Amino acid sequence: MIPAVLIAKKRDGHPLNDAEIAWFIEAFTRGEVSDPQMSAMAMAICLRGMTPLEISALTAAMLASGETLPRDSSSVPRVDKHSTGGLGDKVSLILAPLLACCEVQVPMISGRGLGLTGGTLDKLESIPGFRCDFDLDQSAQLLKAVGCHIVSASERLAPADRRLYSLRDVTGTVESVSLITASILSKKLAASLDALVMDVKVGSGAFMKSHSDALQLANALVETGTEMQLPVSALMTDMDQPLGRAVGNALEVNEVLDLLRGQGPGEVRELTLQLSAEALLAAKVCTSRDQALLRLQRVWDDGSAMERFEKMIAAQGGRISGQLPVAAKHPIVAQRAGFVSAVQCSTIGQCVVELGGGRRSAGDTIDPAVGLQVDVAIGERMESGQPLGFVFCSDDQAERWTKELQQAFVIADEVVAPRPLIIQRIE
Ligand code: URA
């Protein structure tokens, strides 16, 4: 086959067949399709889209480019949750050990943050000693010993996706439902999952800003998963404001510790329970949502999930003794009375990145101690002078950011309805 012919076929809006997609990805993996050719194909896919059959073929081809996580002799189902990312989203840190207490294994593979939303691995790496780079055999051993892990993607899993993603990142081709679907699912299938739950975030702080884009992605993930014999269900959830209070790496781990001890923001607990229940239902470990929720609440409230979290952290080299250190705390004060009508997630994300809590480019180092505590939610009534939250940073940065962050909270005279956390379920 000739790469330029296949690129032109896609460019002109014709679907590629399974053999053509498999050949293109194989040839790219072998180095016979060059980076510029792969980038041109990614752009053609971005502009023309793919049919469901093409997305499945692309997923299968990227899966076949690498190895799969070996299964052990146990028949315990393997499940995972993947979020499209949002401010303050620390659900994975609790969900993995929580589910591991419910007779499922959770081989979670996560990423680092680039841009305004933080990455799960960055949050965990604020724990002294924590490591996330394990090879496939070590990964399998962690799973056997702990029942869950949260690690970075091994270079041996879906290597075509890793290379393609780095091209997409610099060629304006990240935002394609077809490419995102194949990218996420190829890595999840390589982890030999029995079921996957997607948290598709929608709103100003999410990758997918509109309901229709988020719905299109959720549908593509569910349909392609089904086509590939991987049960996938998706919750579309609100990201018009941060999830929970803490935004920033060590602050989020501290919120996770609070939550596991039975304190912390109710909405993080609620979303974690709902996503975990989806996973238990999809893996057929529970037969009803109520049964799943009861089981999850029990292992959360009796301390088992906390114990499992500590076991996972220790197995991955981390040492936790109490709360993690954070930077000095400075109040952000409401300048007028009224109802919180919007929270500008982009300002909050930008603040965390500029304080050093996120990355501008892939090689940047992270300051885990900085971030924000957001103490108000959309719909809440505020008095003038009341704290909206706190920014955690050095004293010399405090004046600028407490002022800028005041503007991130829009306060109106009219009553504003609180936002529903879970917008829609797709299966
Ligand atoms: N996350 C992924 O793993 N892949 C994408 O393409 C986008 C987000």
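In this predicted model, the domain assignment splits the chain into domain 1 (3-64), domain 2 (79-154 + 161-315) and domain 3 (329-412). Domain 2 is thus listed as two segments, 79-154 and 161-315. Between the C-alpha centres of domain 1 and domain 3 there is a gap of 43 Å. A single residue pair gives another view of distance along the chain: Val340 and Lys10 are separated by 330 residues in sequence, and their C-alpha atoms sit 47 Å apart in space.

Next come the strands. One open sheet is built from 3 strands in the order 10-8-12, and the pairing is antiparallel. Strand 10 (381-382) and strand 12 (409-412) each have a single partner strand and stand at the edges, so each keeps one side without a neighbour in the sheet. Strand 8 covers residues 338-343 and pairs with strand 12 over 4 bridges, again in the antiparallel sense. To pick out one position in that pairing, Val343 has Phe409 of strand 12 as its bridge partner. In general terms, it is backbone hydrogen bonds that hold paired strands of a sheet together, whether parallel or antiparallel.

Val340 is worth a stop along strand 8, where it is found. Is this residue buried or exposed? Val340 counts as buried because 21 C-beta neighbours fall inside 10 Å, the cut-off for that label being 20 or more. Leaving aside residues up to four places away in sequence, Val340 touches a run of residues from Val376 through Glu380, namely Val376, Ala377, Ile378, Gly379 and Glu380. Its other contacts under that condition are Met382, Phe409, Ile411 and Val416. Phe409, then, turns up twice: Val340 touches it, and it is the bridge partner of Val343.

Strand 11 (residues 387-392) has pairings of its own. With strand 7 (residues 329-333) it pairs in the antiparallel sense over 5 bridges, and Lys329 stands opposite Phe392 of strand 11. Strand 9 (residues 371-374) also runs antiparallel to strand 11, and 4 bridges join the two. Here Leu372 has Val391 in strand 11 as its bridge partner. Strand 11 is mostly covered, with 5 of its 6 residues buried.

Helix packing can be followed through three pairs. Helix 15 (residues 345-355) and helix 16 (residues 395-408) pack at an angle of about 165°, and their axes are 9 Å apart. These two helices are therefore roughly antiparallel to each other, and helix 15 passes helix 16 in a right-handed crossing. On the helix 15 side, the residues that meet helix 16 are Thr347, Ile348, Cys351 and Leu355. Helix 16 answers with Gln397, Trp401, Glu404, Leu405, Gln407 and Ala408.

Helix 7 (residues 136-146) and helix 14 (residues 304-315) make up another pair, packed at about 150° with axes 10 Å apart. Helix 7 and helix 14 are therefore roughly antiparallel as well, and the crossing is right-handed. Leu142, Ala145 and Val146 of helix 7 make the contact with Lys311, Met312 and Ala315 of helix 14.

The pair of helix 4 (residues 52-64) and helix 10 (residues 211-227) crosses at roughly 65°, with axes that come within 10 Å. Helix 4 and helix 10 are therefore roughly perpendicular to each other. Helix 4 passes helix 10 in a right-handed crossing too. Pro52, Ile55, Ser56 and Thr59 are the helix 4 residues involved, and they meet Ala220, Glu223, Thr224 and Glu227 in helix 10.

Two loop residues deserve a look at their backbone torsions. Phi of Glu103 is near 60°, which is a positive value in a residue other than glycine. Glu103 lies in the loop between helix 5 (91-100) and strand 2 (106-110), and it is partly exposed because 15 other C-beta atoms lie within 10 Å. Ala158, also a residue other than glycine, has a positive phi near 40°. Its place is in the loop between strand 3 (148-152) and helix 8 (159-171). Ala158 has 32 C-beta neighbours inside 10 Å, so it counts as buried.

Note on methods:
Residues numbered from 1 in each chain as written. Predicted model: local features only at pLDDT ≥ 70, side-chain atom pairs only at ≥ 80, totals over all residues. Domains from an automatic or database assignment. Pairing = 2+ DSSP bridges. Buried ≥ 20, exposed ≤ 12 C-beta atoms within 10 Å, placed from the backbone. Axes fitted to C-alpha atoms, helices over the stretch in contact; angles between N-to-C directions. Parallel < 35°, antiparallel > 145°, perpendicular 65-115°, else oblique. Left-handed = near helix turned anticlockwise from the far one by under 90°. Contact = placed C-beta atoms within 7 Å.
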